Amino acid sequence: MIDEAAAPGGDDVNALILQALMRKLIETGVLSPDDARAVLLDAATRLDLEGQRQTPQAARTMALEQLAPAFIR
């Protein structure tokens with residue numbers, strides 16, 4: 001396994017891989033777009049940007065307006 005510190009491209013590569021994986025799972029029918037949105041909402045809810053978790057409304061806005069367009073075509 002590649003150490004995170006040694007991973008080429010770091011976070012940028014990780015983001016691209018996750019986007020490609022999510023798109024492939026949707027494309028093949030393993031994951032529905034609604035399921036993908038639910039995963040993104042769960043992730044946004046768990047983000048700790050200012051020392052606390054996102055409010056439900058802020059997480060929903062982030063998931064649907066910022067994250068979903070990058071992950072769901």
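Just after helix α1, G29 adopts a positive phi of about 85° in this predicted model. The helix that precedes this glycine, α1, runs over residues 11–27. With 17 residues at 1.5 Å each, α1 should span 24 Å, and its end C-alpha atoms are indeed 24 Å apart, so expectation and model agree.

A look around α1 helps to place its side chains. Q19, M22 and I26 are buried. Viewed down the helix axis, the buried residues of α1 fall within an arc of 70°, and therefore line one face of the helix. These buried residues pack against α2 (33–46) and α3 (56–71). The face of α1 turned away from the buried side carries the exposed residues L16 and E27.

Two of the buried α1 residues, M22 and I26, reappear in the largest nonpolar core, which has twelve residues in all. Also included in this core are L31, A36, L40, A44, A59, M62, A63, A68, F71 and I72. Helices α1, α2 and α3 are the elements that give two or more residues to this core, and α3 provides the largest share, with five. In soluble globular proteins, nonpolar side chains tend to be buried together. For the core member L31, contacts beyond its neighbours within four places in sequence are made with M22, L25, I26 and A36.

The loop between α2 and α3 holds Q54. Its relative accessibility is 18%, under the 20% cut-off, so Q54 counts as buried. Not counting residues up to four places away in sequence, Q54 touches A44, T45, L47, L49 and A59. Among these partners, A44 and A59 belong to the largest nonpolar core.

Notes:
Residues numbered from 1 in each chain as written. Predicted model: local features only at pLDDT ≥ 70, side-chain atom pairs only at ≥ 80, totals over all residues. Heavy atoms only, no water. Helix = DSSP H or I, 4+ residues; strand = E, 2+ residues; numbered from the N terminus. Expected span 1.5 Å × (residues − 1). Buried < 20%, exposed > 50% of the residue type's maximum accessible area, 1.4 Å probe, protein only. Arc of directions from axis to C-beta. Contact = heavy atoms within 4.5 Å. Core = buried A, V, L, I, M, F, W, Y, C linked by side-chain atoms within 4.5 Å.
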